[in-house]
Each structure stands twice: as C-alpha cells, then as structure tokens.
Amino acid sequence: MIRVGLIGCGAIGSSIARVIDEDFDEVDLVAVFDRDIDKALELVKKLKRSRPRVTSSIEEMLEQSIDLVIEAASPEAVERYIVDIVARGKSIVVLSSGAFLNRDLLQKTIQIAENTGARIYIPSGAIGGIDILKAASLLGINELVLTTRKNPKALGLDDIDKPLTIFEGDVIEAVKRFPLNINIAATIALATNKTPIVKIIADPNINENIHEIYAKGLFGEIRIEIRNKRIDEKSRSSLITVSSVLQLLKQLSRKSLAIGT
C-alpha cells in the first residue's frame, strides 16, 4: 500500500484523486493540500471511499503518515515545497517539471534526496516517446524541436480566429511565458539533456492538445505526433497526463516487473 499526499486540487489533481478513490486498492490517499482550501474541501466531498485529511499547509501534510507526494499544482509550488518534502524523506511525483529548468534547484533537490533516500519521479505527462528520446540522447541529438498546438482558450487567449504562432524559442523562455501549458518541453529537455526549440500555435479549429516531437542525430530521425483529449472543455490539461501518473503508481506498487527504460 502506497500512502499518498496530493498537492493541487485543480483539474489534474482532482482527476487523479477520483481514480485513486474509485479504482486503486493499492494506493491510499491520506492528505490533500491546495492554497485555495475550498478546492480541497470540494474535492474531498466528491470522493466515495477515501477520506483524506484536508491540510492547511505543507508542514501539516508532511506530519501525516505518507510515503509519496504527488505535485499537480505549478512550477511555483515545486520551487516552494520540494526541498522540504525530500528533506523529510518523502518521495515525490513532479508534474510541473518546468521548475527543474532551474538547475540549481534540481541539483539541490537531488543531493538532499540522495541523503534522505527520497525518490523524485517525473512522469511522461502529456507526451510519448520519452524512452526513445532518452536512448537517442546517448548517441547524440543534433536537432530537437517540440511543436505544440492548442485551442486558444486552453492557452488563456481570446479573439484568435485562425491558427497563429504565439511563441517560438528555447524551452526556458517557453516555460517562463507559459508555465502551466508547456511542462512537457521541460520534461523533454530533462530526459535528453538537450535544449529543444519550442513552437506554440494557438489554433481555434482544434479541441485537442497536439504535440509533435522531432529529433535528429547519429541514431537517425524520430518523429512523434500525439493528439490528446483535454480533461474537459474548461481545462488546459490533457487526460493522458492523469493516466501517466496513475500508470507510475501502478509501477511503484508492483516492483517485480518494469517495462521500458
């Protein structure tokens, strides 16, 4: 049994909590935290079996008997809380991987985790192909490009009536400009140790989140296209992001078999 604490009770966090509540006997949702406590209270009311404690601070959450923290909030939340979490020996699933483009934070977190025995997990989130990109990086990636297409509303934009490129540049600037929309670019960068070029297109003609990855190097060429359904019309996040966390939880609870790198 994995005892879990959840940071972030928005669309992704709430979806994760509901599936754990309904379908995951191997996971116990012990505590939830959101800076907007009303969101946390609303989530807990909707759960059928789980009765997690609604905590008013990270400190209160860490006082609970938990093995693993799931972060489903924001890069800011990672920056604010992760050091304290791993210092207490708690492992963490980080969805807002953009925070780790701050290499000082990443190295500090890793060093503390190595001393306390905590583990840091970055799931694939809304993209595929992380295994092959990691393998390709050992041979050398010369060119790496991520093109993301989303409905303008999913990007917080209005008054766009035709496809428009709203950003093209490096991953660090992309995450600064769109911290809640482009963590996948940071995950690619961390997996490959290569800075991808990021292109973001607002397209009013689509309702999916579309990601295209292109990589070229000594290994040959990789082209991957993912078309993700959003959690709901109001959400900017992909449903598959939720599944990536749930699949990771399954892997952690069943240690005898691992598939993929």
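Here is a short walk through a predicted model, going from its domains to the interface and then to a cavity.

**Stop 1: the two domains.** Start by selecting 2-122 together with 239-253 in the protein chain, and give them one colour: the domain assignment calls these two segments domain 1. Then pick 130-228 and colour that separately, since this stretch is listed as domain 2. If you drop a marker at the C-alpha centre of each domain, the two markers sit 25 Å apart.

**Stop 2: where they meet.** Now show the residues in contact across the boundary. You should get 13 residues from domain 1 and 12 from domain 2. Together the two domains bury about 850 Å² between them, and carbon and sulfur atoms account for 68% of that area. Stay on the domain 1 side for a moment: the residues touching domain 2 there split into 8 nonpolar, 4 polar and 1 charged.

How many salt bridges turn up across this interface? The rule finds 0 between domain 1 and domain 2. Polar contacts do show up, with 3 residue pairs found across the interface, both partners at pLDDT 80 or more.

**Stop 3: the cavity.** Leave the interface and look for enclosed space. The structure holds 1 cavity of 30 Å³ or more, and about 30 Å³ of space lies in the largest cavity. To frame it, select Ile 7, then Glu 71, Ala 77 and Val 78, and finish with Tyr 81, Ile 82, Ile 85 and Ile 92; these residues line the largest cavity. Show them as sticks and the lining comes into view, with Glu 71 and Tyr 81 among its members.

Definitions and conventions. Residues numbered from 1 in each chain as written. Predicted model: local features only at pLDDT ≥ 70, side-chain atom pairs only at ≥ 80, totals over all residues. Heavy atoms only, no water. Domains from an automatic or database assignment. Contact = heavy atoms within 4.5 Å. Buried area = accessible area lost by both parts, 1.4 Å probe. Salt bridge = Lys/Arg side-chain N within 4 Å of Asp/Glu carboxyl O. Polar contact = N/O pair within 3.5 Å; in protein donor to acceptor, adjacent residues only side chain to side chain. Nonpolar A, V, L, I, M, F, W, Y, C, P; charged D, E, K, R; others polar. 1 Å grid on protein atoms, 1.4 Å probe; cavity = no way out; pocket = protein on both sides within 12 Å on 5 of 7 lines; lining within 4 Å. Points joined across faces, edges and corners; volume = space filled by probe spheres on them.
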